[in-house]
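Notebook open, coffee ready. I want to look up a few strand pairings and some odd backbone angles today.

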Amino acid sequence: STQSTWGTVHLCDPCRHIQQTDTQMTSFIVFETSMGKFEVELYGNHSPRTCRNFQELARRGYYNNTIFHRVIRDFMIQGGDPTATGRGGESIYGPRFEDEIHPQLKHTGAGILSMANAGPNTNGSQFFITLAPTPHLDGKHTIFGRVASGMSTVKRMGNVITDANDRPQEAIRILRAYEDHDKAPPAV
């Protein structure tokens with residue numbers, strides 16, 4: 001358990017056992033949204049290509065001014081599509097890239113960061129963050145990080161009013177996504 005602004009954290013603890021052995025691969029991405037700020041830690045040792053894609057898209061400003069286009073209460077929030085349709089977005093490697101399914105990583109609780117996809121090996125730019133355990137997604141979506149801080153913001157996002165298509169009635173906008181260089185390891 002970890003102390004934070006919302007008390008003792010048990011929400012992200014499912015992946016606390018994952019140890020990043022090579023600190024060069026650990027990085028943090030900050031999301032400033034219309035509902036507040038949260039930060040994700042990337043699992044670069046387990047999903048290096050996925051993390052590189054996410055980091056680079058954030059560095060390029062790809063996620064800036066996009067929305068979380070899909071929110072399902074007690075399941076997940078989804079974003080990363082510049083078309084806001086749930087069908088758009090490309091990776092830094094081209095339209096799609098392969099999965100990096102790691103047997104140690106499971107969707108065991110809230111705060112797990114995974115790639116959204118349309119089936120095996122169809123990762124692009126879209127991602128989701130779990131709001132509860134979602135074991136039915138294990139082995140189907142690349143897990144590449146977790147919410148490191150700001151889970152209260154993510155929980156609020158997960159409670160917004162949505163339409164019949166799970167689209168928030170009021171847009172949840174990603175104002176800015178960027179790497180937190182204060183937490184990044186020093187370059188060698």
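Entry 1. I started with Gln78 and found that it stands opposite Phe128 in β9. This is a predicted model, so I'm reading a prediction here. Gln78 made me check its strand: β7 covers residues 76–79, and 4 bridges join it to β9, with the two running antiparallel.

Entry 2. What is the bridge partner of Ser114 in β9? I looked, and it's Phe128. So Phe128 turns up again, having Gln78 opposite it as well. β8 and β9 run antiparallel too, joined by 3 bridges.

Entry 3. Next I checked which way the side chains of β9 point. Phe127 and Ile129 go one way, Phe128 and Thr130 go the other, and all of them are buried. That fits the general rule that side chains in a regular strand alternate between the two faces of the sheet.

Entry 4. On to the backbone angles. Most residues other than glycine have a negative phi, which is why I went hunting for exceptions. Asn121 has a positive phi, near 60°, and isn't a glycine. I found Asn121 in the loop between β8 (112–115) and β9 (127–130).

Entry 5. Is Asn121 buried or partly exposed? Its relative accessible area is 41%, so it's partly exposed.

Entry 6. Asn65 is another non-glycine with a positive phi, about 65°. Asn65 sits in the loop between α1 (48–59) and β5 (66–67). Asn65 counts as exposed because its relative accessibility is 52%, and the cut-off for exposed is over 50%.

Terms used: Residues are numbered from 1 along each chain as its sequence is written. This is a predicted model: local features need pLDDT of at least 70, side-chain atom pairs count only at pLDDT 80 or more; totals for chains, interfaces and linings use all residues. Side-chain values use heavy atoms; hydrogens and water are left out. Helices (H or I, at least four residues) and strands (E, at least two) are DSSP runs, numbered from the N terminus. Buried means under 20% relative accessible area, exposed over 50%, partly exposed in between (1.4 Å probe, protein chains only). Two strands pair if DSSP finds at least two bridges between them.
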